[in-house]
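Please read the following report with the coordinates open beside it. It deals with one model and with how its strands, helices and nonpolar residues are arranged.

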Amino acid sequence: MAPGKRASQADIAEKLGVSVSTVSRALANELGISDAVRADVQRMARVLGYKSKHPPAPGRLDKRALALVPLNSAMGSLASFYHGIVEAMRSQAEEAGIVLDVRLVNEDMVTLDFIRRQVSKTGANGVILAGIDPDDDIAQWVQETETALVLANGSDPLMRFNSVAPANFYGAYRATQRLIDAGRRKILHYTYRHRPTILQRRRGFEAAIAANEGVTGTVVISNEHSSKDLLASLLAGEYDVTAVFCWNDSVAVGMVEALLGQDSPMPKGFSIIGFDDLPIAGMANPRLSTVRVDREAMGRGVIRLLASQIDGEQAVQQLEIGVSLVEGETVHSIG
């Protein structure tokens with residue numbers, strides 16, 4: 001196509017190797033066109049900047065979304081976390097008239113080629129990445145094709161994509177402040193490196209420490225020290241702390257029995273707080289003190305943002321869902 005020339009249906013047809021009639025029917029969302037061909041035509045139209053003189057009437061746009069959920073999270077310790085999000089997405093998608101196709105995937109397999117194949121197979125005009133951070137190739141493709149994308153339980157520091165996540169910074173701030181209000185002055189935060197959402201929890205912890213005179217904070221990163229190693233170090237007294245704030249409940253519950261059990265050598269009143277309020281937090285004995293994430297609200301928010309983007313909204317929106325403290329039995333007040 002010559003520079004400056006306005007894209008036509010013939011240009012789209014030439015690029016895809018189909019007839020102009022097929023392109024016209026696909027853009028009009030007429031029956032008799034396969035979902036894969038319709039998706040290819042609509043994506044190429046976006047790539048070429050094609051502008052229809054007769055856009056489809058409101059409500060006629062075929063809305064299909066592909067949600068990729070990491071298999072290890074869906075089947076592992078975070079299964080209940082993502083189950084709540086996915087079920088809420090399904091319910092909200094049905095209400096919004098969006099056909100939602102949920103796929104459990106190995107996160108290592110989520111490459112640009114993989115997403116392209118899945119989008120072509122499902123005919124999706126919107127993609128949801130749940131707990132998966134897009135690499136540079138995926139990010140570039142999404143922007144070039146103007147594919148609707150929402151990060152569920154994720155965030156984009158460069159503000160290129162819509163996202164929905166818990167209020168990680170403020171939730172971590174409140175969790176840390178809860179320990180401080182209980183009289184803790186030496187607190188350890190056990191965290192995980194890499195994901196922007198988890199980094200916000202570390203920043204919330206550090207902000208709360210900085211806001212309270214006489215309180216010191218220690219950060220230990222799981223990528224460098226396993227929870228088993230950290231437990232051994234705590235029991236051996238290698239860290240001069242009286243409380244631990246864990247970046248999630250699964251890790252925190254693993255510490256409860258060892259650090260707060262009847263046979264534990266830890267000083268009386270040692271405190272632990274987690275994050276997420278997964279079912280395992282309520283099953284722990286003693287009941288884990290934690291921060292509750294409204295996973296259903298996250299799922300609903302994801303679909304609302306996706307529907308808005310499919311309908312033409314171009315402003316990037318980063319939605320934070322409020323969190324709340326859950327008073328369990330693992331934070332002990334001094335005095």
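The paragraphs below take up the sheet, then the cores, and then some helices and single residues.

The model is predicted, and the values given here are computed from it. Its open sheet of six strands follows the order 2-1-3-4-5-11, and the pairing is parallel. Strand 2 (99-105) and strand 11 (318-321) are the edge strands, each of which pairs on one side only. When direction is ignored, neighbouring strands of this sheet are turned by 15° against each other on average. In general, the strands of a sheet pair through backbone hydrogen bonds, either parallel or antiparallel. The table collects three of the pairings in this sheet, each with one pair of residues that stand opposite one another.

| Strand pair | Sense | Bridges | Opposite residues |
|---|---|---|---|
| Strand 1 and strand 3 | parallel | four bridges | L66 and V127 |
| Strand 3 and strand 4 | parallel | five bridges | I128 and V150 |
| Strand 5 and strand 11 | parallel | four bridges | V164 and L319 |

Strand 3 deserves a separate look. Five of its five residues are buried, and the cover extends to both faces, with G126, I128 and A130 buried on one side and V127 and L129 buried on the other. Helix 5 (residues 79-96) lies across strand 1 (64-70), strand 2 and strand 3 (126-130), and the helix runs at about 160° to strand 2.

Which residues have the most contacts inside the largest nonpolar core? They are M89, L100, I128, I187 and F245, in a core that has 45 residues. Helix 13 (residues 295-310) gives the most to this core, contributing eight residues. A second core, separate from this one, has 23 residues, among them Y190, V220, W247 and V251. Returning to the largest core, L100 is one of the residues with the most contacts inside it; leaving aside residues up to four places away in sequence, L100 touches A65, A67, M89, R90, A93 and I128.

Helix 7 (residues 136-145) has I138, A139, W141, V142 and T145 as its buried residues. Seen down the axis of helix 7, these buried residues fall within an arc of 165°, and they therefore line one face of the helix. At the start of helix 7, a side-chain oxygen of D135 comes to within 3.2 Å of the backbone nitrogen of D137, while just after the helix E146 takes a positive phi of about 55°.

Is T176 buried or exposed? With a relative accessibility of 0%, T176 counts as buried. T176 has its place in helix 8 (residues 168-181) and, not counting residues up to four places away in sequence, touches I187, F205, A208, I209 and F245. Two of these contacts, I187 and F245, are also listed among the residues with the most contacts inside the largest nonpolar core.

L235, which is found in helix 10 (residues 227-235), is partly exposed, because its relative accessible area is 36% and that class lies between the limits of 20% and 50%. The C-alpha atom of L235 is separated by 7.4 Å from that of L259, although the two residues are 24 residues apart along the chain.

Key
Residues numbered from 1 in each chain as written. Predicted model: local features only at pLDDT ≥ 70, side-chain atom pairs only at ≥ 80, totals over all residues. Heavy atoms only, no water. Buried < 20%, exposed > 50% of the residue type's maximum accessible area, 1.4 Å probe, protein only. Helix = DSSP H or I, 4+ residues; strand = E, 2+ residues; numbered from the N terminus. Arc of directions from axis to C-beta. Polar contact = N/O pair within 3.5 Å; in protein donor to acceptor, adjacent residues only side chain to side chain. Core = buried A, V, L, I, M, F, W, Y, C linked by side-chain atoms within 4.5 Å. Contact = heavy atoms within 4.5 Å. Pairing = 2+ DSSP bridges. Axes fitted to C-alpha atoms, helices over the stretch in contact; angles between N-to-C directions.
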